[in-house]
Amino acid sequence: MKVIEKQPPRKYRVGLKQQVEISDCGEIFLAENEQITFINPDERHYDFCAKEWGYYATPSVNGRLKDEGFKTALVRNSQGRVYVMVVDSKRLNEFQQYLDTERNEVIQWLDEL
């Protein structure tokens, strides 16, 4: 694994009204079969793993992610682009506010399949 930290982070704005500022903090280069684990403030874990054919972008959505307290949504934005979003189950109200503000819609909760 190779990590390149951006100092200072590159900042840019997103959202329908450009109201959200993102800080691009760096880059992580993973070799085949290397994994990185992201941990949120509630110590819930999210793994990302490189494979020879691409990536495991999420742990199992109806197993490990669900057990960690996440829900996984297939979401379409107002431009028709589709995203996979992993949502802390304790923060569903905040997620719904985000969807409403950005005019996004949940197509399917993948953890409920």
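**Strands, a loop and salt bridges**

Reader: Happy to look at this one with you! Where is V3 found?

Author: Good place to begin, and please keep in mind that this is a predicted model. Following the chain from its N terminus, the elements run β-β-β-β-β-α-β-β-α-β. V3 is found in one of these elements, namely strand 1 (residues 2–14).

Reader: Is V3 buried or exposed?

Author: Exposed means over 50% relative accessible area. The relative accessible area of V3 is 53%, so V3 counts as exposed.

Reader: Which residues make the nonpolar surface patch of about 400 Å²?

Author: V3 is one of them, and we just saw that this residue is exposed. The patch covers about 400 Å², and its members are M1, V3, I28 and F38.

Reader: Let's turn to L30. Which residues does L30 touch, leaving out those up to four places away in sequence?

Author: L30 sits in the loop between strand 2 (20–29) and strand 3 (35–39). A50 is 20 residues from L30 along the chain, yet their C-alpha atoms are separated by 6.1 Å. A50 is among the residues touched, and the list reads M1, I36, F48 and A50.

Reader: Stepping back, what share of the contacts with a separation of 6 or more comes from residues 24 or more positions apart?

Author: The chain has 2 helices and 8 strands, and its C-alpha trace spans about 40 × 35 × 30 Å along the principal axes. Within the contacts at a separation of 6 or more, residues 24 or more positions apart account for 37%.

Reader: What percentage of the accessible surface belongs to carbon and sulfur atoms?

Author: Of the 113 residues in the chain, 26% are buried. The accessible surface comes to about 8,000 Å², and the part belonging to carbon and sulfur atoms is 50%.

Reader: Now for charges: how many salt bridges does a search of the whole structure find?

Author: There are 16 positive and 19 negative side chains, and the centres of the two sets lie 6 Å apart. Searching the whole structure for salt bridges gives a count of 9.

Reader: How many residues apart in sequence are the parts that K71 and D111 tie together?

Author: K71 and D111 form a salt bridge, with their closest N and O atoms 2.8 Å apart. K71 lies in strand 6 (residues 70–76) and D111 in the segment after strand 8 (105–109), so the separation of the tied parts in sequence is 40 residues.

Reader: Is D111 buried or exposed?

Author: The cut-off for buried is under 20% relative accessible area. Its partner K71 has 16%, so K71 is buried. D111 has a relative accessibility of 4%, so D111 also counts as buried.

Reader: K71 has a further salt bridge with E112; where is E112?

Author: The side chains of K71 and E112 meet in a salt bridge at 2.9 Å, N to O. This pair links distant parts of the chain, 41 residues apart: K71 is in strand 6, and E112 is in the segment after strand 8.

Reader: Which strands hold R76 and E105?

Author: The closest N and O atoms of the R76–E105 salt bridge are 3.1 Å apart. The pair ties together parts 29 residues apart in sequence, because R76 and E105 lie respectively in strand 6 and strand 8.

Reader: And what is the relative accessibility of E105?

Author: R76 is partly exposed, with a relative accessible area of 31%. E105 counts as partly exposed too, at 41%.

Note on methods:
Residues are numbered from 1 along each chain as its sequence is written. This is a predicted model: local features need pLDDT of at least 70, side-chain atom pairs count only at pLDDT 80 or more; totals for chains, interfaces and linings use all residues. Side-chain values use heavy atoms; hydrogens and water are left out. Helices (H or I, at least four residues) and strands (E, at least two) are DSSP runs, numbered from the N terminus. Contact means heavy atoms within 4.5 Å. Patches are made of residues with over 30% relative accessible area and no salt bridge: like charges are joined within 9 Å, nonpolar side chains (Val, Leu, Ile, Met, Phe, Trp, Tyr) within 5 Å. Accessible areas come from the Shrake-Rupley method with a 1.4 Å probe; for residues, only the protein chains shown count as cover. A salt bridge is a side-chain nitrogen of Lys or Arg within 4 Å of a carboxyl oxygen of Asp or Glu. Buried means under 20% relative accessible area, exposed over 50%, partly exposed in between (1.4 Å probe, protein chains only). Lys and Arg count as positive and Asp and Glu as negative; His and the chain ends are not counted. The place of a charge is taken as NZ of Lys, CZ of Arg, CG of Asp or CD of Glu.
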